[in-house]
Amino acid sequence: MNTSLKTRPASAAGPAAMISLQVLEMHAQDAAARGIASGSIVRVFNLRGDYRVKAQAS
C-alpha cells in the first residue's frame, strides 16, 4: 500500500491559521479496494495507538 500523511496549513486568517489539517494520501486503487472515498474520515492504527484523519485518494 502506498500512503503518506501530510500536514497542511488551514486557510483561515489570524491565529486560526496556525491550526493544521492532517490528510492521509492514498493511492486511488488502494482506497477503492478498501471502500474509502476522498474526504472520508478513516481510522489509522498500529500496536502503539490510533487516530482519525481525512483520506484523500490520489
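Modeller: Let's start with contacts: two residues are in contact if they have heavy atoms within 4.5 Å. Among the contacts in this chain with a separation of 6 or more, 35% are between residues 24 or more positions apart. The model is predicted, so local features need pLDDT of at least 70 and side-chain atom pairs pLDDT 80 or more, while totals for chains, interfaces and linings use all residues. Residues are numbered from 1 along each chain as its sequence is written, and side-chain values use heavy atoms, without hydrogens and water.

Biologist: In what order do the elements of the chain run?

Modeller: Helices (H or I, at least four residues) and strands (E, at least two) are DSSP runs, numbered from the N terminus. Here the order is β-β-α-β-β, giving one helix and four strands.

Biologist: How many bridges join β3 to β4?

Modeller: Strands pair when DSSP finds at least two bridges between them. Strand β3 (residues 41–46) and strand β4 (residues 49–57) run antiparallel and share six bridges. One example is Val44, whose bridge partner in β4 is Tyr51. Two residues form the hairpin connection from β3 to β4.

Biologist: Which residues make up the largest nonpolar core?

Modeller: Such a core is a set of buried Ala, Val, Leu, Ile, Met, Phe, Trp, Tyr and Cys residues joined through side-chain atoms within 4.5 Å. Buried is under 20% relative accessible area, exposed is over 50%, and partly exposed is in between (1.4 Å probe, protein chains only). The largest core here has seven residues: Leu24, Met26, Ala31, Ile36, Val42, Val53 and Ala55. At least two of them come from β2 (20–26), and at least two from β4. Beyond its neighbours within four places in sequence, Val42 touches Leu24, Ile36, Tyr51, Arg52, Val53 and Ala55. Over the whole chain of 58 residues, 17% count as buried.

Biologist: Is Gly39 buried, partly exposed or exposed?

Modeller: Gly39 is partly exposed, because its relative accessible area is 42%. Gly39 sits in the loop between α1 (28–33) and β3. Outside its neighbours within four places in sequence, Gly39 contacts Lys54 and Ala55. Its C-alpha is also 6.0 Å from that of Gln56, 17 residues away in sequence.

Biologist: Which residue lies over the face of Phe45?

Modeller: A charge sits over a ring if NZ of Lys or CZ of Arg is within 6 Å of the ring centre and within 35 degrees of the ring normal. For Phe45, the residue is Arg43, at 4.3 Å from the ring centre.
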